[in-house]
Amino acid sequence: MLDRIDKKFIKKIEYCFIPGWTRDNHLQAFKALVNGDKSLEKLNIKTIHQARYFFEENYQPYHINDKLGSHNIFTGYFEPRLCASLKESKIYKYPLYGTPQDKTLLEINRRDFEGSTKSGIPILAWLKDRVDLYFMHIQGSGILNFTEGFSKRFVFESKNNFKYSSLGKSLIKLGYIQESNISMATIKDWLRSDNKNYETVYINESFIFFKEDKLDLYNKYPIGQFGIRLTPFRSLAVDQSIYDINTPIWLKTKIPIKGNKTKNFERLMIGQDKGSAIKGLSRGDIFFGNDEIAGNMNFTGNIIILVRN
């Protein structure tokens with residue numbers, strides 16, 4: 001992994017120089033790590049002290065230069081709960097698609113997919129709100145509460161052959177929303193304020209296809225794009241062209257909380273997911289579980305990566 005990082009951006013350090021390192025719950029981080037590497041279960045690590053010792057004995061920390069300009073940004077994602085139906089109706093009229101068998105359909109962009117119902121593609125559910133459906137595409141998963149009386153989870157399986165484009169950045173550039181006011185909530189409100197506004201989502205030509213995932217007491221949260229079960233506030237989506245899967249990353253930033261406030265955030269994360277918008281050495285996306293306040297996460301941060309000895 002180090003050979004994929006410009007040496008001017010990294011500096012070897014010791015654990016004693018990581019602020020807050022001794023105060024973290026390393027067992028939580030280790031359990032998230034195990035989700036991505038089941039071979040670690042044989043170590044039988046049960047305490048915070050044992051987990052901290054594991055990381056300190058097996059990994060070398062490297063500080064990442066935080067002067068990376070616009071590339072240094074940490075956002076958040078979450079798993080929404082939405083209403084759905086197995087049957088199309090006047091209310092439930094927006095399809096959630098599975099992966100098409102006909103691969104020529106991967107050459108169709110978002111506008112064409114949403115323009116009319118496509119034959120030859122499995123329809124997993126019908127949703128009643130196209131804005132919520134769009135953001136389920138962005139989040140990569142969702143729990144659907146069906147009118148028929150049950151719930152199912154659906155997660156990312158594949159996508160079309162078009163690149164992702166950020167709707168938020170486009171709305172700022174076009175002057176529709178001020179940069180200081182951009183968030184998932186403000187984007188949703190703007191899209192719903194006028195039917196014509198929804199046309200702007202087609203700036204993002206990327207389109208996501210879903211598959212069903214387990215939903216039970218033992219699988220409270222979704223799998224990410226690598227098939228790893230995610231852990232709230234421990235799983236981090238990073239640029240996997242740079243990072244190895246399951247890289248431990250010490251992150252210092254701040255996160256949004258209720259009341260339009262923020263709090264400091266210092267803990268060991270595990271880089272075990274990816275996203276189309278996550279590009280760059282100091283760019284990450286924190287998994288917030290089911291908390292939609294993730295949509296307000298947009299802060300700079302400092303990171304220290306742990307590289308296996």
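**Sheet and aromatic pairs in a predicted model**

Q: In what order do the nine strands of the open sheet stand?
A: In this predicted model, nine strands form an open sheet in which the pairing is mixed. The order of the strands is 1-2-15-11-12-10-13-3-14.

Q: Which strands stand at the edges, each with a single partner strand?
A: A strand with a single partner has one side left without a neighbour in the sheet, and so it stands at an edge. The strands placed in this way are strand 1 (10-12) and strand 14 (298-299).

Q: Which helix packs on the sheet, touching strand 2, strand 11 and strand 12?
A: The strands touched include strand 2 (59-64) and strand 12 (261-273), and the direction of the helix makes about 35° with that of strand 12. The helix, formed by residues 26-36, is helix 1.

Q: What is the bridge partner of Trp250 in strand 15?
A: Strand 11 (residues 247-257) and strand 15 (residues 302-308) run antiparallel and are joined by four bridges. In strand 15, the residue bridged to Trp250 is Ile304.

Q: How many aromatic pairs does the structure hold?
A: One of the pairs is formed by Tyr97 and Phe207, with 6.1 Å from centre to centre and 55° between the planes, a tilted arrangement. Ring pairs also link Phe30, Phe54, Phe55 and Tyr59 into a cluster. For the structure, the number of aromatic pairs is 19.

Q: How many residues apart in sequence are the parts that the pair of Tyr97 and Phe207 ties together?
A: Tyr97 lies in strand 5 (residues 94-97), whereas Phe207 belongs to the loop between helix 6 (184-193) and strand 9 (208-213). Tyr97 is buried at 1% relative accessibility, and Phe207 is also buried, at 3%. Because of where the two residues lie, the pair ties together parts whose separation in sequence is 110 residues.

Q: Is Trp190 buried or exposed?
A: Trp190, in helix 6, pairs with Tyr176, which lies in the loop between helix 5 (167-173) and helix 6; the ring centres are 4.8 Å apart and the planes are at 35°, so the pair is tilted. Tyr176 has 44% relative accessibility and therefore counts as partly exposed. For Trp190 the value is 15%, and buried means under 20%, so Trp190 counts as buried.

Q: Over the ring of which residue does the charged end of Arg130 sit?
A: The charged end of Arg130 is 4.0 Å from the centre of the ring concerned. That ring belongs to Tyr198.

Conventions. Residues numbered from 1 in each chain as written. Predicted model: local features only at pLDDT ≥ 70, side-chain atom pairs only at ≥ 80, totals over all residues. Heavy atoms only, no water. Pairing = 2+ DSSP bridges. Contact = heavy atoms within 4.5 Å. Axes fitted to C-alpha atoms, helices over the stretch in contact; angles between N-to-C directions. Phe/Tyr/Trp six-rings, centres within 6.5 Å; stacked < 30°, edge-to-face > 60°. Buried < 20%, exposed > 50% of the residue type's maximum accessible area, 1.4 Å probe, protein only. Lys NZ or Arg CZ within 6 Å of the ring centre and 35° of its normal.
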